[in-house]
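Hi there,

Here is the structure I promised to pass on to you. Have a look at it first, and then read my notes below with the picture open beside you.

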Amino acid sequence: MMADVAWQVHIEGACGELAAAKALGVPWSATVDTFKRGDDVPGGWQIRTRSRPEYELIVRPGDPDDALFLLVLGVAPHYVVKGWITGREAKRPEWSRAHGNRPPAYFVPHDQLTPLAAG
């Protein structure tokens, strides 16, 4: 059962990347096993897909400061692109939390994200 959950997380992440690429108007490379090596979407974008509408954008301490982190909310086939923030701006002490026995990370509130420009 745990393998099914892990697989589903990867599938949702890939679908979130595709949704982000479409919203940004850039091609999606659909690469695998490139975690921490390069952009999820061309242009310096790191895509963070979260399944629940109340979940915040997660940025980890080791994430690059100069990357652009874009929050995508939803479950296939329905996604909403919420907005973005740089890694540097996301690493605010007041947003640091540890959830689910995981190391602390930064959880950026939705109202602190910059929406994508309407085009």
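Eight bridges join strand E3, residues 68-75, to E4, and the two run antiparallel. Strands here are DSSP runs of E with at least two residues, numbered from the N terminus, and two strands pair if DSSP finds at least two bridges between them. To see the pairing for yourself, find leucine 73, which sits opposite valine 80 in E4. Leucine 70 has tryptophan 84 in E4 as its bridge partner.

Before you go further, please note that this is a predicted model, in which local features need pLDDT of at least 70 and side-chain atom pairs count only at pLDDT 80 or more, while totals for chains, interfaces and linings use all residues. Residues are numbered from 1 along each chain as its sequence is written, and side-chain values use heavy atoms, leaving out hydrogens and water.

Back to the strands. E3 and E4 make a hairpin with two residues between them. Proline 77 lies in that loop, and the peptide bond leading to it from alanine 76 is cis, with omega near 5°. Most peptide bonds are trans.

The hairpin belongs to an open sheet of three strands in the order E1-E3-E4, with mixed pairing. Why do E1 (45-50) and E4 (78-86) each have one side without a neighbour in the sheet? Both stand at the edges and have a single partner strand each, so one side of each stays free of a neighbour there.

Now for the inside. The largest nonpolar core has 12 residues, among them Leu57, Phe69, Leu73, Trp95 and Val108. Such a core is a set of buried Ala, Val, Leu, Ile, Met, Phe, Trp, Tyr and Cys residues joined through side-chain atoms within 4.5 Å; buried means under 20% relative accessible area, exposed over 50%, and partly exposed in between (1.4 Å probe, protein chains only). Strand E2 (57-59), E3 and E6 are the elements that give two or more residues to this core, and E3 brings the largest share, three residues. Leaving aside residues up to four places away in sequence, phenylalanine 69 touches residues including Gln46, Arg48, Leu57 and Ile85 (contact means heavy atoms within 4.5 Å).

Finally, look at asparagine 101, in the loop between strand E5 (96-97) and strand E6 (105-108). Is asparagine 101 buried or exposed? Its relative accessibility is 86%, so asparagine 101 counts as exposed. Asparagine 101 also has a positive phi of about 60°, although it is not a glycine.

Enjoy exploring!

Note on methods
Helix = DSSP H or I, 4+ residues; strand = E, 2+ residues; numbered from the N terminus.
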